Amino acid sequence: MPGPTSTVTAGPQEALALAERYRAAGGDPDVYGIQVEDGPEGIPRVVIRTRNADQADAIFRRQNASVTTHLTSKEGASFKKGYLIDVFGPDGRLIHRMDARP
């Protein structure tokens, strides 16, 4: 799935609303879109759109933990089988991809 083409490109309305709830709960203010979709073999795929172009691993790990904690504790998501995660930066390019299956 391609990412947005710029920071003004809107994601699906549900992704924008989910990111708004995440930010309101104290989440990363740079995150402007979060989607959880069906991935391969029933593994959820989390797509994050961020305004932060920094690709530092520490930022990704912190953002990953923050978003997935919010999704499980506040949104009812289940990652019992693990999850896949893609993070797209402000220019729409993929800046992180991780397979978090056990």
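Is Phe79 buried or exposed? Select Phe79 in this predicted model: the residue is buried, with a relative accessible area of 15%.

Keep Phe79 selected and add Tyr83. The structure holds one aromatic pair, and these two residues form it: the ring centres of Phe79 and Tyr83 lie 4.9 Å apart with the planes at 50 degrees, so the pair is tilted. Tyr83 also counts as buried, at 12% relative accessibility.

Next, select strand E2, residues 44-50. Seven of its seven residues are buried. Colour the two faces separately: Pro44, Val46, Ile48 and Thr50 point one way from E2, while Arg45, Val47 and Arg49 point the other way.

Now add the strands that pair with E2. Strand E1, residues 31-38, runs antiparallel to E2 over seven bridges. To find one of them, look at Val31, whose bridge partner in E2 is Thr50. E1 and E2 form a hairpin with five residues between them; in the turn, Glu41 has a positive phi of about 60 degrees.

Strand E3, residues 84-88, pairs with E2 in the parallel sense over five bridges. Here Arg45 stands opposite Leu84 in E3. Follow the chain from E2 through H2 to E3: this β-α-β crossover is right-handed.

Stop on helix H2, residues 57-74, and select Gln63. Gln63 is buried, with a relative accessible area of 6%. Show its contacts beyond four places in sequence: Gln63 touches Asp28, Val31, Ile48, Thr50 and Val87. Two of these names have come up together before, as Val31 and Thr50 are the bridge partners seen between E1 and E2.

Definitions and conventions:
Residues are numbered from 1 along each chain as its sequence is written. This is a predicted model: local features need pLDDT of at least 70, side-chain atom pairs count only at pLDDT 80 or more; totals for chains, interfaces and linings use all residues. Side-chain values use heavy atoms; hydrogens and water are left out. Helices (H or I, at least four residues) and strands (E, at least two) are DSSP runs, numbered from the N terminus. Buried means under 20% relative accessible area, exposed over 50%, partly exposed in between (1.4 Å probe, protein chains only). Contact means heavy atoms within 4.5 Å. Rings of Phe, Tyr and Trp (its six-membered ring) pair if their centres lie within 6.5 Å; planes under 30 degrees apart count as stacked, over 60 as edge-to-face and the rest as tilted. Two strands pair if DSSP finds at least two bridges between them. A crossover is right-handed if, with the strands pointing away from the viewer, the path from the first strand over the helix to the second runs clockwise.
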